[in-house]
Amino acid sequence: MPHIYAHRSAVPKTMRALAKIDPVPGLKLIEALVPVPGPGEVLVRVKKTALSYAALHIDRWDAWAQRAIRPPVIVGHEFAGLVASIGPGVADFHPGETVVAEPHVACGTCRHCLSGRRHLCRDARRLGQTQDGVFADYVCLPQGCLWHADPRVPIDVLACFIPLGQAVRVARRFDLLGANVLVTGANALGCMTAAIAHHAGARSVVVADANPAGLALARSLGTTHTVDTRSQTLDLVCRELGIGEGFDLGVEAAGLPAALGDLLAHLRPGGQLALLGAETGEVAVDVHAILSNQLTVAGIDDRNSASDWERLTQVLRHGLDLGAVITHRLPVGRFREAFDRIAAGEPGKIILDWDC
Ligand SMILES: [Zn+2]
């Protein structure tokens, strides 16, 4: 396949990469070697990356980050890009194709991997934490992590497919038709989940948070009611909506212990709870509320996303517009401003552009 090697010749030897070099707060934009794809690997030219809270924790170098990663490492896991070149044995991906990727690289040999349950692999490496991530001009990944993206979906939105996939999984896993849904956390993940729950037929979608900018974002994406927890109570909104026994489904996206407690107190008997927000510390849970109300609790993480991404592509191409969740687009050279905005409470997604 001579065209592949011709394409490879256009790839530079070095690239920009945003990395955690030393075990201290902050990130550095460094010059790194462009990886060469080995057997079964694909080199991707990164076009857009999206900031996540994980990246913010790593930037801050908080207690969670100190446990999760070992510097030096290139950070980031949310991105969309184009295949630049392929290694030996790769037949399903071709240079120029638009791709997104799962954020975990499974070991391939443990009992879960060998049973077709790669998403349960305990030895998986995590992009941007235990394996070099995607905040770089190029990233090299095993072909099994990549997914053929639809180039008709805006590439900024494709860069957000990992959290969007989580939101879609909530809509697919729970019976939302006519349901009353409470989302705690008006961050990008919570707002995306609320928008998709509304699209999937929920009767009411209430988003609760103490951040007015987040609540405004939730409303712009179709949330039926918002609750500013600084001045309003969930009991009041339940009365207004005629929700007597509590919500059918609670979605915890804030990653805050207080939000989880509020959720548990406002679910109906037999209700369901989806955990999306990643608490980074220990959380006290009212087990009695779960037991006595016979609640079902489900952890929804960001693995095994391919089938969710297929559905997501369909709803995006046929009526659901989630573009408003992207609030800023910045060249990668302004990464400091992007991280500071998120740290200051910016609820929307910030895209870093690697073309400039
Ligand atoms: Zn494994």
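A residue counts as partly exposed when its relative accessible area falls between the buried limit, under 20%, and the exposed limit, over 50%. The views below show a predicted model.

**View 1. Asparagine 304, a positive phi in a loop.** At 42% relative accessibility, asparagine 304 counts as partly exposed. Its phi is positive, about 55°, although asparagine 304 is not a glycine. Look for asparagine 304 in the loop between strand 16 and helix 12, where helix 12 covers residues 306–317.

**View 2. Glutamine 294, in the loop before strand 16.** Helix 11 (287–292) and strand 16 (296–299) flank the loop that holds glutamine 294. Phi of glutamine 294 is near 50°. That is a positive value in a residue other than glycine. Glutamine 294 has 63% relative accessibility, so it counts as exposed.

**View 3. The zinc ion and its four cysteines.** Four protein donors hold places around the zinc ion: the SG atoms of Cys107, Cys110, Cys113 and Cys121. They lie 2.3 Å from the zinc ion. Angles among the four donor atoms run from 105 to 115°, and the site is tetrahedral. For four tetrahedral donors, the ideal angle at a metal is 109.5 degrees. Along the chain, the donors follow the spacing C-x2-C-x2-C-x7-C.

**View 4. Cysteine 110 and cysteine 121, a pair across helix 4.** Cysteine 110 sits in the loop between strand 7 (104–105) and helix 4 (111–114). Cysteine 121 sits in the loop between helix 4 and strand 8 (125–126). The pair therefore ties together parts that are eleven residues apart in sequence. Are these two cysteines, 110 and 121, buried or exposed? Cysteine 110 is buried, and cysteine 121 is buried too.

**View 5. A cis peptide bond between two prolines.** The bond runs from proline 71 to proline 72. This peptide bond is cis, and its omega is near 0°. Proline 72 belongs to the loop between helix 3 (63–68) and strand 4 (73–74).

**View 6. The second largest pocket.** Its volume is about 170 Å³. The lining of this pocket has 14 residues. Closest to the centre are Pro35, Gln131, Asp132, Val139 and Cys140. Which strand gives the most to the lining of the second largest pocket? Strand 9 (residues 138–142) does, with five residues. By type, the lining divides into nine nonpolar, two polar and three charged residues.

**View 7. Strand 9 and its partner, strand 3.** Four of the five residues of strand 9 are buried, so the rest of the structure largely encloses this strand. Strand 3 (residues 41–50) joins strand 9 through five bridges. The two strands run antiparallel. Valine 42 stands opposite leucine 141 in strand 9.

**View 8. An open sheet of three strands.** The strand order is 2-1-4, and the pairing is antiparallel. Strand 2 (28–33) and strand 4 are the edge strands, each pairing on one side only. Six bridges link strand 1 (residues 14–20) to strand 2 in the antiparallel sense. Alanine 19 has lysine 28 as its bridge partner in strand 2.

Terms used
Residues numbered from 1 in each chain as written. Predicted model: local features only at pLDDT ≥ 70, side-chain atom pairs only at ≥ 80, totals over all residues. Heavy atoms only, no water. Donors = N, O, S within 2.8 Å, 3.2 Å for Na, K, Ca; no water. Tetrahedral: all angles 85-135°; square planar, octahedral: opposite > 155°, others 65-115°. Buried < 20%, exposed > 50% of the residue type's maximum accessible area, 1.4 Å probe, protein only. 1 Å grid on protein atoms, 1.4 Å probe; cavity = no way out; pocket = protein on both sides within 12 Å on 5 of 7 lines; lining within 4 Å. Points joined across faces, edges and corners; volume = space filled by probe spheres on them. Nonpolar A, V, L, I, M, F, W, Y, C, P; charged D, E, K, R; others polar. Pairing = 2+ DSSP bridges.
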